[in-house]
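Biologist: Please show me the model. I want to ask about the ligand site and the terms used for it.

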Amino acid sequence: DDDTTVGESVDYKITGIDPGAGIMEAADRAIEDYELDEWTLTTGSGSAMTAALKKAYDKEEPIIVTGWTPHWKFAEFKLKYLEDPKGSFGGEEQIRTIGRIGLEDDLPEAHAILSNFNWTEEDMAEVMIAIQDGEKEEVAAQNWIDANEDKVSEWTDGIDKVNGDKIKLAYVAWDSEIASHNVMKIVLEDMGYKVTLTQVEAGPLWTAVANGSADASLAAWLPITHETYAEKFEGDFEELGINMEGVKIGLVVPRYMDIDSIEDLQK
Ligand code: PBE
């Protein structure tokens with residue numbers, strides 16, 4: 001009925017993702033900043049979150065999720081970010097590439113390619129949406145590369161090919177990172193590398209780059225999302241550059257919900 005509050009309508013639940021994700025730390029901060037004492041942030045995974053979103057959306061039921069851009073969910077569903085006047089989720093973020101200490105000496109060509117790597121939200125969306133539509137990850141990545149040879153050659157121009165050197169990239173099973181790492185895997189293979197993609201949680205990812213058991217990752221969301229990891233491992237990794245500008249995290253709801261701001265959760 002009309003008297004139901006947003007909190008009541010969703011059982012005071014924000015549907016989260018994997019506990020190590022930076023967005024979970026930001027969501028906990030929001031619960032504190034906005035004094036949402038009765039609320040809980042549930043943990044799960046990126047795919048469990050999108051499954052819950054789809055289930056609610058299909059029935060036009062209310063749901064609040066931890067969401068980020070770029071993500072295919074914005075192409076699939078009509079969604080909106082809740083305004084965040086207290087800035088718990090930070091502002092515009094970047095996705096940066098990080099490498100282990102010593103990568104430049106050991107694998108200089110890969111270091112150069114990874115440092116050059118940058119693309120746009122639209123580029124990533126093409127790969128993500130194709131995968132979401134059922135294309136195999138490596139096929140979606142290959143199709144994007146075939147259609148974007150100019151872009152790829154900007155990352156590899158003037159860099160010598162190698163002969164089977166091994167490189168290990170670590171990533172988390174977030175849709176955005178599945179897309180980027182599958183593209184880079186093929187780019188590096190075309191340059192002569194033997195590439196291993198290792199899927200881990202966010203904490204182990206940062207640990208692996210810092211202790212050298214992974215060579216690099218394209219998955220560092222900064223300055224806010226992974227700030228705690230970047231501070232914890234300061235000095236034990238190298239920033240190789242920004243691979244995407246203007247990305248964002250926050251609380252996301254279907255547009256049919258009659259709320260606009262995180263402050264509306266206080267009612
Ligand atoms: N994400 C996607 C990650 C970074 C990339 C927003 C879910 C996180 O929160 O750590």
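The questions below deal with the ligand, its contacts and its cavity.

Modeller: This is a predicted model, where local features need pLDDT of at least 70, side-chain atom pairs count only at pLDDT 80 or more, and totals for chains, interfaces and linings use all residues. Residues are numbered from 1 along each chain as its sequence is written, and side-chain values use heavy atoms, with hydrogens and water left out.

Biologist: What makes the pair between the ligand and the side chain of His 226 a polar contact?

Modeller: A polar contact is a pair of N or O atoms within 3.5 Å. A ligand oxygen lies 2.6 Å from an N or O atom in the His 226 side chain, so the pair meets the cut-off. Polar backbone atoms also qualify: one of Gly 22 is 2.7 Å from a ligand oxygen, and one of Ile 23 is 2.8 Å from a ligand oxygen.

Biologist: How much of the ligand does the protein bury?

Modeller: The protein buries 100% of the 280 Å² that the ligand exposes when taken alone. Areas come from the Shrake-Rupley method with a 1.4 Å probe.

Biologist: Why is the space around the ligand called a cavity?

Modeller: A cavity is a set of points, on a 1 Å grid over the protein atoms alone, where a 1.4 Å probe fits but cannot get out. The ligand sits in the largest cavity, which means that more than half of its atoms lie within 2 Å of the grid points. That cavity holds about 100 Å³ of space.

Biologist: Which residues line the largest cavity?

Modeller: Among them are Trp 68, Trp 174, Ser 176 and Trp 221. Lining residues have an atom within 4 Å of a point.

Notes: A polar contact is a pair of N or O atoms within 3.5 Å; within protein, one must be able to donate a hydrogen and the other to accept it, and residues adjacent in sequence count only if both atoms are side-chain atoms. On a 1 Å grid over the protein atoms alone, a cavity is a set of points where a 1.4 Å probe fits but cannot get out, and a pocket is an open set with protein on both sides within 12 Å along at least five of seven lines; lining residues have an atom within 4 Å of a point. Grid points are joined across faces, edges and corners, and a volume is the space filled by probe spheres set on the points.
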